Amino acid sequence: MGNYVAAYQSTYDISGLITGATFLESKDLLVLCGYSPQLSPFLYLLYDFSAEQFFGGNKRKIILDLPLHQTEGIATSNGLDYFISNEKYNVISQKLHKT
């Protein structure tokens, strides 16, 4: 808890919009969620990085089978099971997904 100020570090082209993130300190794993311009949601795993050089380590993009979902948030307690939320969009209602 507390107040934190984000500071620009670097950019990386992930071909989409990042809308959420979770960090699992015990595994040094940063997981980003987002979606492409075609509303194809994905997870982006960042690991084996040093200090704050998040994109300097290994990266893995996982496309989620949730077409037309505008994912917005992500959470995990163990690094294996994730909860991902999406906004209501057109005929897709808001929902919490478990992956």
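How many residues lie between β5 and β6 in their hairpin? The views below start there and then move across the sheet. This is a predicted model, in which local features need pLDDT of at least 70, side-chain atom pairs count only at pLDDT 80 or more, and totals for chains, interfaces and linings use all residues. Residues are numbered from 1 along each chain as its sequence is written, and side-chain values use heavy atoms, with hydrogens and water left out.

**View A. The β5-β6 hairpin and its turn.** Five residues sit between the two strands, and Gly-79 in the turn has a positive phi of about 80°. Strands here are DSSP runs (E, at least two residues), numbered from the N terminus. β5 and β6 pair in the antiparallel sense over six bridges; two strands count as paired if DSSP finds at least two bridges between them. Have a look at Gln-70, which stands opposite Glu-87 in β6.

**View B. Pairing of β6 with β7.** Four bridges join β6 (residues 82-87) to β7, and the two run antiparallel. Follow the partners: Ser-85 is bridged to Leu-96 of β7, and Phe-83 to Lys-98 of β7.

**View C. The two faces of β6.** Tyr-82, Ile-84 and Asn-86 point to one face and are buried (under 20% relative accessible area, 1.4 Å probe, protein chains only). Phe-83, Ser-85 and Glu-87 point to the other face and are not buried.

**View D. The open three-stranded sheet.** Its order is β5-β6-β7, with antiparallel pairing. β5 (70-76) and β7 (95-98) each have a single partner strand, so one side of each is left without a neighbour in the sheet.

Key
Buried means under 20% relative accessible area, exposed over 50%, partly exposed in between (1.4 Å probe, protein chains only).
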